[in-house]
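These are my notebook entries on a structure that I looked through piece by piece. I wrote down each thing I looked up, together with the cut-offs behind the words I use.

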Amino acid sequence: MAHTAFAELLDLDAEVLRDYHDEVIAWVGSLAPARPKIIDLGAGTGVGSRALLRALPGAEVVAVDMDDEMLAHIQASDSRIRTVRADLDQPWPDLGPADLIWASASMHHLADPVRGLRQALAALRPGGHLVVAELESFPSFLPEGPEAELEGRLSAELDKMRAEHGLHMHADWPALLAEAGFTVEADRRFDIDLRPPLPAAAGRYAEISLGRGLQRLEDRLSADDLKALEAIVAGVKTRDDLVVRTTRTVIVGRKPS
Ligand SMILES: C[S@@+](CC[C@H](N)C(=O)[O-])C[C@H]1O[C@@H](n2cnc3c(N)ncnc32)[C@H](O)[C@@H]1O
């Protein structure tokens, strides 16, 4: 099926940052009982749903998203995953009771994250876990020097734009989970710094990621920066000197018994 650049980006993230994803999924899997019921909130292309099914083959997985294209992608990728179309900013449909809720890079999209977290609490069985995985910083790819400085200006401007659009990128997730009624059991930070040689998909990951940034900031960067970035995007896919730097945080909350 058609794969938009954004959907491809989500799949590439899992491929290029495989070690991080594998470590987190193994950890999260260890929190669940045998044959758990799992809800994947804002599932995107279903990267998390499929990884959790690989780790916990007897699991029942429900993937929730409001984007029909994402849901179709999940259905085509694994028929064991049940998909539910829902806007998580609205009252949720009955999804529970779940043993485990996985919310990767989705809670920051909600207009009122605490309201969403309270609904997650209601969808869990007592003792069940919510895992929130968030991006503290988006990946950067260019090696140190003037190019990395340019990429830094791009990232700073994108960060500003996300804040203007009301995204909760750097929220205090442990505090918000506690406010919603969770007992916070873990708050881990993963500083990822991959150096060459990188997985083959890294070039395409950089191309889409930087290309999307460029598109969004066309009217917010200087003409010189735009021109330099265009040249970088045009050639980035085949470079062998790229790096991948990003920081992720993973917070685990437990519903009190
Ligand atoms: C950055 S993607 C993350 C996808 C996936 N969890 C992953 O880690 O690859 C965020 C996803 O949340 C979904 N989303 C954003 N706001 C939503 C809302 N209010 N209700 C339901 N889904 C939402 C988007 O459609 C998108 O698929």
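**Entry 1: the ligand**

I began with D87 and found that one of its polar side-chain atoms lies 2.9 Å from a nitrogen atom of the ligand, which fits the rule for a polar contact (a pair of N or O atoms within 3.5 Å; within protein, one must be able to donate a hydrogen and the other to accept it, and residues adjacent in sequence count only if both atoms are side-chain atoms). I noted that the model is a predicted one, in which local features need pLDDT of at least 70 and side-chain atom pairs count only at pLDDT 80 or more, while totals for chains, interfaces and linings use all residues. I also noted that residues are numbered from 1 along each chain as its sequence is written, and that side-chain values use heavy atoms, with hydrogens and water left out.

Next I looked at the backbone, where an N or O atom of L88 lies 2.8 Å from a nitrogen atom of the ligand, and where an N or O atom of M66 lies 3.4 Å from a ligand nitrogen. I then looked up the cover: the ligand has 600 Å² of accessible area on its own, and the protein covers 89% of this (areas come from the Shrake-Rupley method with a 1.4 Å probe, and for residues only the protein chains shown count as cover).

Which residues come nearest to the ligand? I found 18 residues around the ligand, and of these G42, D65, D87, L88 and S104 come nearest; a residue is near when one of its heavy atoms lies within 4 Å. I sorted this shell into 9 nonpolar, 5 polar and 4 charged residues, where Ala, Val, Leu, Ile, Met, Phe, Trp, Tyr, Cys and Pro count as nonpolar, Asp, Glu, Lys and Arg as charged, and the others, Gly among them, as polar.

**Entry 2: the nonpolar cores**

I turned to the largest nonpolar core (a set of buried Ala, Val, Leu, Ile, Met, Phe, Trp, Tyr and Cys residues joined through side-chain atoms within 4.5 Å). This core has 52 residues, of which Y20, W102, L210 and V250 touch the most other members. The largest share of this core, 6 residues, comes from helix α8, residues 202-216 (helices, H or I, of at least four residues, and strands, E, of at least two, are DSSP runs numbered from the N terminus).

I followed V250 further and left out residues up to four places away in sequence; V250 touches, among others, Y20, W27, V131 and F190, with contact meaning heavy atoms within 4.5 Å. Apart from this core lies another, of 28 residues, and L88, which I had met beside the ligand, is among them.

**Entry 3: buried or exposed**

Is R162, in helix α6, buried or exposed? I found that R162 counts as buried because its relative accessibility is 11%, and the cut-offs are under 20% relative accessible area for buried, over 50% for exposed and partly exposed in between (1.4 Å probe, protein chains only). Leaving aside neighbours within four places in sequence, R162 is in contact with F138, L167, M169 and R216.

I made a like check on H21, which lies in helix α2, residues 18-29, and which is buried because its relative accessible area is 16%. Beyond four places in sequence, H21 is in contact with D13 and A14. By contrast, A122 in helix α5 is exposed, because its relative accessible area is 61%.

**Entry 4: the backbone in the loops**

I looked for cis peptide bonds and found one from G96 to P97, with omega near -5 degrees; P97 sits in the loop between β3 and β4. Another cis bond joins P196 and P197, with omega about 0 degrees, and P197 is in the loop between β6 and α8.

I also found that R35, although not a glycine, has a positive phi of about 45 degrees. R35 lies in the loop between α2 and β1 and is exposed, because its relative accessible area is 67%. A105, also not a glycine, has a positive phi of about 50 degrees, and its place is in the loop between β4 and α5.

Last, I looked up P199, in the loop between β6 and α8: its C-alpha atom is 8.0 Å from that of E15, although the two are 184 residues apart along the chain.
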